[in-house]
Amino acid sequence: MRTKYKLLTLATTLLLGVSVNSFALPFIIVPDGTLPTIVPQGGTVDAAYTVTNNTTVTRTGNVVEYLPPNVTQNTSSGCGAIFNLASGASCVLNLVVSGPVSSNDPDPHHHLFVCMSDHTTCAGTNYPLNVTVNPTPPAPDAEYPLLSGNAIVGTDDWILELDSTSVLPTSFSAAGVINSVSCSNLGCIAGGSYTGSGSLTYPSLAVGTAGGKNWSYSLDEVKGTMPFDFLNKGVFNDVNCSGDTCVAGGSYESTDGNFYPMLAVSSNGGVNWSYSVERGTGTPSDFVPNNSVESVAFTSVTCSSTSYCIAVGYYQGSTGGDKQDIMIATTTNGGTNWTYEVSGVSGLPPGFQFGVLNSVACTGSGVTAVCVTGGYYNFAGEQFFPLLALSTDGGTIWTYQITEANPPVNMGTSGIFNSVSCSGATTSAVCAAAGFYDVAGTFAQYSLLALSTNGGTVWTYPVEQNVNPPSGGIAGNAQFIGVSCTGSTTTTICAAGGQYGTSTTSYPMLIVTTNGGSTWGYQVDAAHNLPTSIDLASFGAFFESVSCTGTTSTAICAAGGRYDVSIDANDYQYPMLIVSSNAGAASPVWAYAVEFATNDTLPSDFVAGAYNSVSCTGGTSCVAGGAYQNFVTHSLEYSPLEVSVKDGNTNDPKYFASLGIDFTMPTASLSLSPLGSSEGEASRVIDWL
């Protein structure tokens with residue numbers, strides 16, 4: 001195809017009657033970044049080319065002689081209406097596309113041509129625009145999926161892959177969000193939900209090529225199929241892949257008015273999906289359908305091989321009333337059949353009343369994989385204790401390693417693990433669990449980090465009250481939300497992200513070990529690497545997801561979340577993404593790839609947003625997914641520490657992702673909420689109100 005364009009360019013030049021100096025073109029014109037292929041109906045998208053003087057002398061008075069229909073030049077920056085270029089020098093030609101553009105338009109005047117001052121010596125480009133109109137116009141009040149990718153981490157070339165101007169789910173109208181992303185060397189998957197036709201909430205799955213490129217939706221309202229008897233409120237909380245085997249977990253409302261768990265499985269890298277758990281198929285034996293949106297969900301999934309996968313969550317079962325049982329489902333045949341190794345009828349910890357599992361992760365492969373899952377449970381109708389279970393056979397047999405018998409120091413009434421991660425092999429695997437707990441007698445909330453260096457058998461607390469605090473100390477309102485580990489034994493790198501409050505304000509925090517947990521240091525806190533223009537008075541900055549890949553000094557880690565920027569006396573929520581391409585080095589460099597100062601990587605219609613999930617793989621690439629809004633209705637002042645569902649049950653320890661989260665200012669009362677996660681990712685849907 002490129003040869004065809006080149007011949008067209010030269011032929012068109014001759015048809016225009018201009019000189020090309022025996023086909024030695026006066027200018028070389030190539031794309032500056034990725035060219036758009038879709039423009040929203042009634043909207044615009046930007047395109048850019050680099051124009052280089054290909055002659056041996058300075059050229060003055062150069063102009064853009066022709067442009068395609070629906071394309072205009074933006075002369076406010078880059079190449080002007082008339083511009084000069086020294087020999088070999090370049091400028092960026094900025095264009096605005098407002099409608100369809102055909103690269104095969106037969107009219108030579110409908111193609112980009114840059115000419116010298118004589119208006120006859122000109123050059124076109126081998127990379128013409130080819131843009132179609134998205135039939136779905138941007139909604140004036142909508143939340144859109146947000147996805148950014150970087151195929152070569154270590155550069156600042158983060159590319160916007162999904163937004164309002166890109167491919168959208170079928171019949172998209174509003175409330176699009178990416179809750180989880182998962183990448184392997186073969187490709188990437190992104191799961192979430194959106195509002196489609198009939199104002200119904202549909203689950204969605206998008207698939208991208210290796211490095212997070214070329215995204216398309218493989219499951220939405222029309223593409224693929226919905227789960228059995230689907231009605232509304234469908235959401236995928238988490239996705240994970242191993243090779244071509246991918247699993248997505250969540251829940252939905254059926255036509256009977258009740259809510260059901262769902263597991264979707266793909267054997268071809270996310271191109272096609274089928275349901276192995278849905279209404280009437282694959283649910284726990286004691287599952288009791290309930291019309292409460294908070295009654296059931298798969299919160300986290302992971303695959304240790306193309307055959308072995310695990311899904312965890314909660315449901316209403318034999319416990320009775322409105323209390324939830326935990327569930328751990330495993331498959332050994334790539335997702336065709338699932339077995340509940342832990343449910344309301346078997347495998348519960350002593351004293352269990354009700355609880356939630358938020359996160360599951362494995363290291364190793366198949367039947368020899370070391371796997372951990374974390375969450376919380378109510379013990380004997382009294383306190384909420386952090387809960388951590390271990391499997392050393394790929395998910396069949398589970399033992400409880402952290403319960404009410406070994407809580408963190410001075411634990412009061414509540415504790416929870418939000419996220420877990422493991423790296424290494426068998427008895428030398430390093431595993432970490434991240435969360436928070438409140439201190440007895442004070443209700444002050446402290447960050448919590450548990451660590452095992454022997455395959456999950458023995459656990460310690462490297463971060464708890466008065467142990468490894470961030471700069472300024474913790475006065476409360478602290479938690480780790482995401483954690484991720486990579487490497488092995490004494491060179492294992494683990495990073496955990498979240499938020500904490502001092503006596504005067506609140507900060508994001510990111511703590512890292514590069515020696516398997518022997519020592520820990522903060523890469524982001526009150527004294528290190530705060531994002532640009534952060535409004536510390538808003539209590540609205542936190543890292544939600546962390547992902548690491550690679551080993552030692554070449555390991556890559558990325559942490560995504562959000563923070564508030566004060567503009568014109570209002571707080572605007574900005575995504576933040578901090579990355580290190582030498583995370584295991586003696587003096588690692590951490591830098592923000594996306595923040596207020598680098599908002600050129602955000603959508604052109606961006607107003608506010610956040611990253612919910614980050615996935616790095618292969619030691620080279622990362623993808624970050626979330627959501628953003630393109631309108632302002634109020635000042636965004638949220639805190640991730642107090643979580644309440646929309647129906648007003650502010651202290652009910654139940655949560656369902658598709659409802660969204662109301663982030664309110666911290667109080668002495670804790671509301672424990674299951675945060676769906678995979679390999680350190682805590683999935684949340686942003687509630688913009």
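Start with the whole protein chain on screen: its exposed surface comes to about 22,900 Å², with carbon and sulfur atoms supplying 51% of that area (Shrake-Rupley method, 1.4 Å probe; for residues, only the protein chains shown count as cover). This is a predicted model, in which local features need pLDDT of at least 70 and side-chain atom pairs count only at pLDDT 80 or more, while totals for chains, interfaces and linings use all residues. Residues are numbered from 1 along each chain as its sequence is written, and side-chain values use heavy atoms, with hydrogens and water left out.

**The overall view**

Switch to a cartoon and you will find one helix and 45 strands (DSSP runs numbered from the N terminus: helices are H or I with at least four residues, strands are E with at least two). Of the 689 residues, 62% are buried (under 20% relative accessible area; exposed is over 50%, partly exposed in between, with a 1.4 Å probe and protein chains only). Among contacts with a separation of 6 or more, 62% join residues 24 or more positions apart (a contact means heavy atoms within 4.5 Å).

**Into the cores**

Next, select Trp338, Leu510 and Leu577. These residues have the most contacts inside the largest nonpolar core, which has 80 residues (a core is a set of buried Ala, Val, Leu, Ile, Met, Phe, Trp, Tyr and Cys residues joined through side-chain atoms within 4.5 Å). Stay with Leu577 and display its surroundings: beyond four places in sequence, its contacts include Trp158, Ala559, Tyr592, Val594, Tyr611 and Val614. Now move to Val312, Tyr377, Ala389 and Tyr437, which belong to a second, separate core of 55 residues. In soluble globular proteins, nonpolar side chains tend to be buried together.

**A walk along the salt bridges**

There are five salt bridges to look for (a side-chain nitrogen of Lys or Arg within 4 Å of a carboxyl oxygen of Asp or Glu). Side chains of opposite charge can pair when their charged atoms come close.

Select Glu161 and Lys213, whose side chains meet in a salt bridge at 3.3 Å, N to O. Glu161 sits in strand E12 (residues 159-162) and Lys213 in strand E16 (residues 213-219), so the pair links distant parts of the chain, 52 residues apart. Glu161 is buried at 15% relative accessible area, while Lys213 is partly exposed at 23%.

Go on to Glu253 and Lys233, where the closest N and O atoms are 3.9 Å apart. This bridge ties strand E18 (residues 245-254), home of Glu253, to strand E17 (residues 230-242), home of Lys233; the two parts are 20 residues apart in sequence. Glu253 counts as buried at 13%, and Lys233 as partly exposed at 28%.

How buried or exposed are the partners Asp564 and Arg562? Asp564 is buried at 0% relative accessibility, and Arg562 is buried at 2%. Their side chains meet in a salt bridge of 3.2 Å, N to O.

Then pick Asp229, Asp256 and Arg279 together to see a network of salt bridges.

**Two last stops**

Select Thr195 in strand E14 (residues 187-195). Thr195 is buried, at 13% relative accessibility, and among the residues it touches beyond four places in sequence are Ser171, Phe172, Leu200 and Thr201.

Finish at Tyr66, in strand E4 (residues 59-66). Tyr66 is partly exposed, with a relative accessible area of 26%. Add His111 to the selection: the C-alpha atoms of Tyr66 and His111 are separated by 6.3 Å, with their positions 45 residues apart along the chain.
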